Amino acid sequence: MAKRLIPSLNRVLIEKIVPPSKTNSGILLPEKTSKLNTGKVVAVGPGAHSRDGKLIPVSVKEGETVLLPEYGGTEVKLGDKEYHLYRDEDILGTLHD
């Protein structure tokens with residue numbers, strides 16, 4: 001049963017990207033290379049309201065790859081997949097090729 005979670009306010013739903021543990025040729029990579037905390041934005045909330053009532057939109061869009069803090073976020077399990085909810089201001093930046 002697949003559910004669609006739409007985050008509230010300025011929260012962002014992220015699926016963490018697990019780096020490969022070995023190369024295409026079969027060489028095992030050390031665990032230290034898998035420390036990069038990246039994720040793909042799955043869903044975005046509408047944004048938060050400022051004190052004067054104006055809507056401040058979320059700074060990331062669905063499908064973007066983002067850099068995440070080492071700790072934080074709320075783990076959410078939907079079906080057999082694990083996601084994490086972060087506030088917009090907790091996301092460190094976006095990654096581009």
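Which residue in strand 7 is the bridge partner of Lys77? We will meet it in the second close-up, where strand 6 and strand 7 come together. In this predicted model, local features need pLDDT of at least 70 and side-chain atom pairs count only at pLDDT 80 or more, while totals for chains, interfaces and linings use all residues. Residues are numbered from 1 along each chain as its sequence is written, and side-chain values use heavy atoms, with hydrogens and water left out.

**View 1. An open, antiparallel sheet of 6 strands.** The strand order is 6-7-1-2-5-8. Strands here are DSSP runs of E, at least two residues long, numbered from the N terminus, and two of them pair if DSSP finds at least two bridges between them. Strand 6 (74–78) and strand 8 (93–95) are the edges: each has a single partner strand, so one side of each lacks a neighbour in the sheet. On average, neighbouring strands are turned by 45° against each other, direction ignored (the axes are lines fitted to C-alpha atoms, and angles run from 0 to 180 degrees between N-to-C directions).

**View 2. The hairpin of strand 6 and strand 7.** Here is the residue we were looking for: Lys77 has Glu82 as its bridge partner. Thr74 is likewise bridged, with Leu85 in strand 7 as its partner. In total, 5 bridges join strand 6 to strand 7 (residues 81–87), and the two run antiparallel. Between the strands lie 2 residues, and Gly79 in this hairpin takes a positive phi near 70°.

**View 3. Strand 1 between strand 7 and strand 2.** Strand 1 (residues 11–16) pairs with strand 7 over 4 bridges, in the antiparallel sense. On that side, Ile14 has His84 as its bridge partner, and Val12 stands opposite Tyr86. Towards strand 2, the antiparallel pairing of strand 1 spans 5 bridges, and Leu13 stands opposite Ala43.

**View 4. The largest nonpolar core, with 10 residues.** Its members are Val12, Ile14, Val41, Val44, Val58, Val60, Val66, Leu68, Tyr86 and Ile91. Such a core is a set of buried Ala, Val, Leu, Ile, Met, Phe, Trp, Tyr and Cys residues joined through side-chain atoms within 4.5 Å, where buried means under 20% relative accessible area (1.4 Å probe, protein chains only). Strand 1 and strand 2 (38–44) each supply at least two residues of this core. Another core, of 5 residues, lies apart from it and includes Leu13, Ala43, Val76 and Tyr83.

Note on methods: Buried < 20%, exposed > 50% of the residue type's maximum accessible area, 1.4 Å probe, protein only.
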